[in-house]
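Open the model in your viewer and set it to a cartoon display. The stops below say what to select next and what is there.

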Amino acid sequence: MRTALFLLATCAFAQPTASSQQPSFEAATIKPSKALPGSSSTHSHTGMIVLTGKTLKGLICSAYDVKDFQVSGGPKWLDDDRYDINAKSEGAATGRQLMTMLQALLADRFQLAIHHEQKVGPAYALVVAKSGLKIKPVEGNPGTNSEGGKGQLTVTGMPIAELADILARELKTPVADLTATSG
């Protein structure tokens, strides 16, 4: 058994967080989404992030870099109501900085409070067989591709760590890359 990190989300009657210590967006709008159910998008570039059609659970997953099965607790609408967010930072924030600002925005606007908890449960590990690695590195830079359906998954040009991430999302349980391979 392996332990997995779970985020417990509380939205109703949550205690304020210390978000004033975190960097925050200069301007941000959050509106109920008019996007079609099942569709969502994320676009970001230096100093700006636009999220469309995201549930609060999806926003939490983006902000904290976790998978949806790692978030538990919170009201039913956490998985139902969808939002559009358009936010701009004061300076040239990128990647992780934008996600830290998104955490502060969720805490402020939704009174989101989280805590980390470890739970024992099933998990998988990708390991190299005793007879060695059976897959070969792709030559050059062909880009990555993944296709799946009906219990099958085909990937090309993808690092093993990204494959583990896809498998974890599909299996809804942690998958660790223990292959120590690169490329």
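This is a predicted model.

**Stop 1: two helices**

Select residues 56–64, which are helix 1, and residues 95–110, which are helix 2. The two pack at an angle of about 140°, and their axes are 8 Å apart. Helix 1 and helix 2 are therefore oblique to each other. The crossing of helix 1 past helix 2 is left-handed.

Now show side chains where the helices touch. On the helix 1 side, pick Leu56, Leu59, Ile60, Ser62, Ala63 and Tyr64. They meet Arg96, Met99, Leu102, Gln103, Leu106 and Phe110 of helix 2. Sorted by class, this contact has nine nonpolar, two polar and one charged residues.

**Stop 2: an aromatic pair**

Keep Phe110 on screen and add Tyr83. How do these two rings sit against each other? Their centres are 5.1 Å apart and their planes stand at 75°, so the pair is edge-to-face. Tyr83 belongs to strand 6 (residues 82–88) and Phe110 to helix 2, so to speak of sequence, the pair links distant parts of the chain, 27 residues apart. The structure holds two aromatic pairs.

**Stop 3: the open sheet**

Next, colour the sheet that contains strand 6. Four strands make up this open sheet, in the order 2-6-4-3, with antiparallel pairing. Which strands stand at the edges? They are strand 2 (27–32) and strand 3 (41–45); each has a single partner strand, so one side of each is left without a neighbour in the sheet. From one strand to the next, the twist averages 10°.

**Stop 4: across the sheet, strand by strand**

Start at strand 2. Six bridges join strand 2 to strand 6, and the two run antiparallel. Select Ile30 and look across to strand 6, where Ile85 stands opposite.

Then move to strand 4 (residues 48–55), which pairs with strand 6 in the antiparallel sense over six bridges. Leu51 also faces strand 6, standing opposite Ile85. Another place to check is Met48, whose bridge partner in strand 6 is Lys88.

Finish at strand 3. Strand 3 and strand 4 are an antiparallel pair with five bridges. Ser44 has Ile49 in strand 4 as its bridge partner. Strand 3 and strand 4 form a hairpin with two residues between them. Select Gly47 in that turn: its phi is positive, at about 80°.

**Stop 5: helices on the sheet**

Bring the helices back into view along with strand 4 and strand 6, which pair over six bridges. Helix 1 packs on the sheet and touches strand 4 and strand 6. The direction of helix 1 makes about 140° with that of strand 4. Helix 2 also packs on the sheet, touching strand 2, strand 3, strand 4 and strand 6. The direction of helix 2 makes about 60° with that of strand 2.

**Stop 6: a further hairpin**

Last, select residues 145–149, which are strand 9, and residues 152–156, which are strand 10. Strand 9 and strand 10 pair in the antiparallel sense over five bridges. Gly149 has Gln152 in strand 10 as its bridge partner. What lies between strand 9 and strand 10? The two form a hairpin with two residues between them, and Lys150 in the turn has a positive phi of about 50°.

Methods:
Residues are numbered from 1 along each chain as its sequence is written. This is a predicted model: local features need pLDDT of at least 70, side-chain atom pairs count only at pLDDT 80 or more; totals for chains, interfaces and linings use all residues. Side-chain values use heavy atoms; hydrogens and water are left out. Axes are lines fitted to C-alpha atoms, for helices over the stretch in contact, and angles run from 0 to 180 degrees between N-to-C directions. Angles under 35 degrees count as roughly parallel, over 145 as roughly antiparallel, 65 to 115 as roughly perpendicular and the rest as oblique. A crossing is left-handed if the near helix is turned anticlockwise from the far one by less than a right angle, and right-handed if clockwise. Contact means heavy atoms within 4.5 Å. Ala, Val, Leu, Ile, Met, Phe, Trp, Tyr, Cys and Pro count as nonpolar, Asp, Glu, Lys and Arg as charged, and the others, Gly among them, as polar. Two strands pair if DSSP finds at least two bridges between them. Rings of Phe, Tyr and Trp (its six-membered ring) pair if their centres lie within 6.5 Å; planes under 30 degrees apart count as stacked, over 60 as edge-to-face and the rest as tilted.
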